[in-house]
Amino acid sequence: AGKEQAGVVVPTSGGRYDVHLRARRRVAVYWEEEAAEVRRCTWFYKGDKDNKFIPYSESFSEELEEAYMIAVTLGEWKKKLESPNREVIILHNPKLMVHYHPVASSDDWVSTPTEQGRPRTVKRGVENIAVEIPNGEPLQIDHLVFVVHGIGPACDIRFRSIVQCVNDFRNVSLSMLQSHFRKAQEQQQVGRVEFLPVNWHSSLHSTGVDVDLERITLPSINRLRHFINDTILDVFFYNSSTYCQTIVDTVASEMNRLHRLFLQRNPHFRGGVSIAGHSLGSLILFDLLTNQKADPEEKEHCVQGSRTTSSTGGIEEVKEILKKLELSEYCDVFEKEKMDRQALFLCTEQNLKEMGIPLGPRMKILHYISSETGMKVCFPHGSPSQPGDSSEDGRSCQYRDVGLGQVSANYPQLNYKPSIFFAFGSPIGMFLTVRGVKRIDPNYSLPTCKGFFNIFHPFDPVAYRIEPMIVPELEFEPMLLPHHKGRKRMHLELKEGLTRMSVDLKNNLLGSLRVAWQSFTRSPVLALEAGSSEAEAEADAGTEKQPDTKPEEPPAAVKEETPPINVGRLNGGNRIDYVLQEKPIESFNEYLFALQGHLCYWESEDTVLLVLKEIYQTQGITLDQPLPGSQ
């Protein structure tokens with residue numbers, strides 16, 4: 001133990017691994033992983049089918065080095081060395097050293113080394129090796145992102161772990177920084193973003209539940225049943241109060257532990273923290289965020305802001321409501337009583353009667369109050385809560401609404417306030433609807449997180465939208481995520497062009513058919529009359545054709561420019577739903593690429609670029625060139 005502590009420890013791979021030089025071991029810092037062997041490389045070999053040079057063990061490299069130095073000093077070459085694996089290395093001269101494969105079997109017909117197949121090339125030192133040794137990642141870390149996985153231990157179609165998938169996501173981010181933030185990098189404004197995985201699956205399945213499931217699982221179709229137990233059942237575990245508590249405790253405690261450890265290893269870090277979740281992981285994070293407690297100062301500020309808004313615009317809202325109910329003649333009565341929207345919703349029939357409102361208008365107002373209150377609280381069963389039961393702060397009412405139907409659990413608090421919450425392929429909208437939340441109040445925002453982006457592939461079978469729950473009265477498309485190379489994919493542009501062309505052809509064809517039909521159904525006239533009124537006929541034909549030329553313009557549905565849409569405060573007034581552009585091969589069959597659509601986010605340049613763009617935008621740093629169609 002004393003020798004181990006006295007050894008030198010070198011952080012590598014951006015500080016995510018520590019190399020213990022004395023023990024020659026590479027150990028993961030932030031997650032559990034089997035220690036890897038580290039070699040000090042001086043001698044290498046490479047076969048015909050090998051893509052790179054492979055280092056010999058340090059002990060055998062020392063033997064090779066000793067034999068090489070003797071050969072150089074004495075000038076005696078063509079020396080043979082035999083390794084413990086019966087492999088033969090022959091040093092012909094300083095530029096020609098070969099490694100022969102071991103003999104498969106020892107008998108009377110043993111072949112000579114030259115007859116054992118093609119030998120491997122042996123090389124001393126790293127000079128002239130056609131491989132680029134990476135310079136390493138930038139030392140400056142601008143932002144920290146925790147990434148939570150979804151169901152099961154595998155996170156992509158290659159059955160890789162969350163650690164491997166996040167490694168890909170991080171590598172893509174480094175590439176995007178070099179290609180889209182080059183100016184900021186040259187000015188040393190940008191370093192990199194660190195992404196750390198958060199694993200909760202292993203903790204859940206180490207509770208002994210797998211043994212219990214194994215007892216009741218049928219023996220047939222064993223692999224399929226094992227896959228279901230290990231993957232699909234995670235959704236049901238999360239909807240169980242017992243195991244939901246285990247999951248949220250694991251996720252919160254792991255993120256807090258990683259945050260503390262990261263700050264210990266990076267004491268000069270002054271950047272922000274964001275969180276990202278894939279699939280079920282995004283729902284876990286959403287439930288955690290909705291149950292975070294804001295600071296008292298922030299709560300008081302929000303209450304004062306809501307009261308100020310109520311005092312200035314509340315009376316005007318009441319006037320609009322009365323105008324909608326055709327009761328404008330009573331505006332003066334409500335204005336005299338200083339009645340705003342909040343006070344109106346607290347009114348009872350007795351209050352309205354004391355104000356001198358007749359029976360008919362009273363019934364209209366009470367019916368409106370009950371219908372609006374029932375829609376806002378969104379209880380699918382039972383009676384809606386009374387207006388007097390709601391808190392003065394509209395935000396606390398919305399906590400109850402968004403948290404409606406959540407599994408009964410004690411949601412832990414995070415040690416930090418996330419800047420942005422990114423959801424990849426998220427079923428949050430579906431779960432909220434199933435829980436009974438019909439609508440999200442536009443004034444609602446997460447207590448400690450100001451940003452929320454819902455990113456999904458168009459063919460992802462698990463993903464659902466959020467914006468229609470905030471603005472249900474409007475039908476509008478999600479924001480199309482710009483391609484990282486700065487344009488729409490060719491097949492999407494071709495599809496839009498064909499759509500416009502078909503609309504134009506349809507309008508022209510209908511116009512021609514309409515004119516032809518009118519000419520056939522026109523009543524017959526004398527030739528002389530037709531001849532004398534030829535100018536009038538041309539004028540009539542001109543007036544008949546005028547309406548047919550107007551529909552040739554592209555309809556509003558095809559036009560790309562759309563008016564700005566207010567989707568509430570959940571993402572600070574900005575759009576929430578972002579859809580990726582499918583690849584050309586994916587557009588041939590949506591069902592064939594549905595699974596791939598749910599697992600594509602880890603290597604998606606467009607997804608990574610949006611994450612980087614929004615993170616650095618909080619620091620006042622923008623892309624070198626704005627992408628078309630982005631906010």
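Strands here are DSSP runs of E at least two residues long, numbered from the N terminus. With that in hand, a good place to enter this predicted model is A35, which sits in the loop linking β3 (25–28) to β4 (36–37). Is A35 buried, partly exposed or exposed? Its relative accessibility comes to 38%, and since partly exposed covers the range between 20% and 50%, A35 counts as partly exposed. Setting aside residues up to four places away in sequence, A35 touches R25, R26 and V27. For one of these, R25, the chain separation is 10 residues, while the C-alpha atoms of A35 and R25 lie 6.1 Å apart.

Stepping back, the protein chain holds 22 helices and 17 strands. Of its 631 residues, 41% are buried. If only contacts with a separation of 6 or more are considered, 72% of them join residues 24 or more positions apart. The chain exposes about 36,400 Å², with carbon and sulfur atoms supplying 54% of that area.

Further along, strand β10 (residues 120–124) has pairing partners to look at. Strand β5 (residues 43–46) runs antiparallel to β10, and 4 bridges join the two. Within this pairing, K46 stands opposite T121. Strand β9 (residues 96–100) also pairs with β10 in the antiparallel sense, this time over 2 bridges. Here H99 has R120 of β10 as its bridge partner.

Now for the interior. Nonpolar side chains tend to be buried together in soluble globular proteins. In this model, the largest nonpolar core has 103 residues, and the members touching the most others are F146, V251, M255, F421, F422, I428 and F452. Where does this core lie with respect to domain 1 (1–40) and domain 3 (141–292 + 411–487 + 568–619)? Both domains give residues to the core, so it lies between them. A second, separate core is made of 18 residues, including F334, F345, I357 and Y368.

One of those well-connected core members, I428, also belongs to helix α16 (residues 428–435), where I428, G429, F431, L432 and R435 are buried. Why do these five share one side of α16? They span an arc of only 165° around the axis, so they end up on the same side of the helix. Beyond neighbours within four places in sequence, I428 is in contact with S282, L283, F286, F421, A423, F452 and I466. Just after α16 comes G436, with a positive phi near 110°.

Notes:
Residues numbered from 1 in each chain as written. Predicted model: local features only at pLDDT ≥ 70, side-chain atom pairs only at ≥ 80, totals over all residues. Heavy atoms only, no water. Pairing = 2+ DSSP bridges. Buried < 20%, exposed > 50% of the residue type's maximum accessible area, 1.4 Å probe, protein only. Arc of directions from axis to C-beta. Core = buried A, V, L, I, M, F, W, Y, C linked by side-chain atoms within 4.5 Å. Domains from an automatic or database assignment. Contact = heavy atoms within 4.5 Å. Areas by Shrake-Rupley, 256 points an atom, 1.4 Å probe, with all protein chains shown as cover.
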